[in-house]
Amino acid sequence: MTVRHEEKHGRFMINFWYRHADGHRERIRVVAQGTTRRQAEAEERAVRIALDAGVYRREEEVKESEKKTPTLEKFFDTFIKLHAVPNC
């Protein structure tokens with residue numbers, strides 16, 4: 001198990017290297033949600049199972065969260081109408 005207690009902040013960290021089926025390695029560093037070592041170890045096992053199944057942090061989920069942030073080009077008209085003109 002690779003769960004460590006972080007003395008400075010008083011929390012448990014999950015920290016390990018995972019080798020995917022295609023051979024590349026990924027470092028997994030997560031703050032455990034549980035407050036005890038046993039809960040943190042159970043969470044680590046769940047993360048490893050999700051990695052094995054291929055459902056942990058899917059790229060589609062990451063891309064969807066990035067789509068929610070508007071680009072400057074899309075936000076420019078809204079900014080000018082709602083913020084810049086009334087405040088000048």
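1. Setting aside neighbours within four places in sequence, Asn15 touches Thr2, Arg4, Arg27, Ile28 and Arg29. Keep in mind while reading that this is a predicted model.

2. Where does Asn15 sit? Its place is in strand E2, which runs over residues 11-19. With a relative accessibility of 18%, Asn15 counts as buried, because the cut-off for that label is under 20%.

3. One of those partners deserves a second look. The side chains of Asn15 and Arg27 make a polar contact, at 3.2 Å.

4. On to the helix. H1 takes in residues 37-53, 17 residues in total. From first C-alpha to last, H1 reaches 24 Å, close to the 24 Å expected at 1.5 Å a residue.

5. Which residues of H1 are buried? They are Ala40, Glu43, Glu44, Val47, Ala50 and Leu51. These buried residues span an arc of only 125 degrees around the axis, so they lie on the same side of H1. The general background: an α-helix has 3.6 residues a turn, so residues three or four places apart point the same way.

6. And what covers that buried set? The cover includes strand E1 (3-6), E2 and strand E3 (25-31). Strand E2 is also where Asn15 has its place.

7. The other side of H1 has Arg38, Ile49, Asp52 and Ala53, which are exposed. If you are scanning the list, note that Ile49 is among the exposed residues there.

8. Last point, just past the helix: Gly54 follows H1, and the phi of Gly54 is positive, near 80 degrees.

How values were computed. Residues numbered from 1 in each chain as written. Predicted model: local features only at pLDDT ≥ 70, side-chain atom pairs only at ≥ 80, totals over all residues. Heavy atoms only, no water. Helix = DSSP H or I, 4+ residues; strand = E, 2+ residues; numbered from the N terminus. Buried < 20%, exposed > 50% of the residue type's maximum accessible area, 1.4 Å probe, protein only. Polar contact = N/O pair within 3.5 Å; in protein donor to acceptor, adjacent residues only side chain to side chain. Contact = heavy atoms within 4.5 Å. Expected span 1.5 Å × (residues − 1). Arc of directions from axis to C-beta.
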